[in-house]
Amino acid sequence: SQRKKTAVKHIRLTAKYDGVKIALLKSRHIAPWYFKGCPGASQLREQINRCRSFAEVEQRVLEFEPVL
């Protein structure tokens, strides 16, 4: 979906400009914002907050499917 693509692009740009370590921390705020109001967004936020690597955050965002 467009939201996923935009969220991933945003967090990748954050990594480019701030470095991966800082981007991991910032992505915990950035990524869930794109899915606010979608069913299952709170579970996504919890998963992202437990991520230990930037690649894992990207993976969680790309795998996210709103719960219907």
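A disulfide, for this entry, is a pair of cysteine sulfur atoms within 2.5 Å. I am working from a predicted model, and I note here what I looked up in it.

**Cysteines**

I began by applying that cut-off to the cysteines, and the count came to zero disulfides. I then looked at how far apart the sulfurs are: the sulfur of cysteine 38 has its closest cysteine sulfur in cysteine 51, at 18 Å, which is too far for a bond. Cysteine 51 is accordingly in no disulfide, the sulfur of cysteine 38 being the nearest cysteine sulfur to its own. I also checked the accessibility of both residues, and cysteine 38 counts as buried because its relative accessibility is 18%, where the limit for buried is under 20%. Cysteine 51 counts as buried too, with a relative accessibility of 0%.

**Serine 27**

Next I turned to serine 27, which I located in helix α2, the helix that covers residues 20-34. Its relative accessibility is 1%, so I have entered serine 27 as buried. I asked myself which backbone oxygen lies 2.8 Å from a polar atom of the serine 27 side chain. The oxygen belongs to leucine 24. Setting aside the neighbours within four places in sequence, I found serine 27 in contact with Ile11, Pro32, Ile48 and Val57.

**Helix α4**

Val57 led me to helix α4, residues 54-63, where I noted Phe54, Val57, Glu58 and Val61 as buried. These residues cover an arc of only 100 degrees around the axis, and therefore they sit on the same side of α4. I then looked for what this buried set packs against, and found α1 (2-18), α2 and α3 (41-50). The contact between serine 27 and Val57 joins a residue of α2 to one of the buried residues of α4.

**Aromatic rings**

Last, I went through the aromatic rings, for which the count came to two pairs. I looked at one of them in detail, that of tryptophan 33 and tyrosine 34: the ring centres are 5.1 Å apart and the planes stand at 80 degrees, so I recorded the pair as edge-to-face. The cut-off behind that label is an angle over 60 degrees. Are the two partners buried or exposed? Tryptophan 33 is exposed, since its relative accessible area is 59%, whereas tyrosine 34 counts as buried because its relative accessibility is 17%.

Conventions
Residues numbered from 1 in each chain as written. Predicted model: local features only at pLDDT ≥ 70, side-chain atom pairs only at ≥ 80, totals over all residues. Heavy atoms only, no water. Helix = DSSP H or I, 4+ residues; strand = E, 2+ residues; numbered from the N terminus. Buried < 20%, exposed > 50% of the residue type's maximum accessible area, 1.4 Å probe, protein only. Polar contact = N/O pair within 3.5 Å; in protein donor to acceptor, adjacent residues only side chain to side chain. Contact = heavy atoms within 4.5 Å. Phe/Tyr/Trp six-rings, centres within 6.5 Å; stacked < 30°, edge-to-face > 60°. Arc of directions from axis to C-beta.
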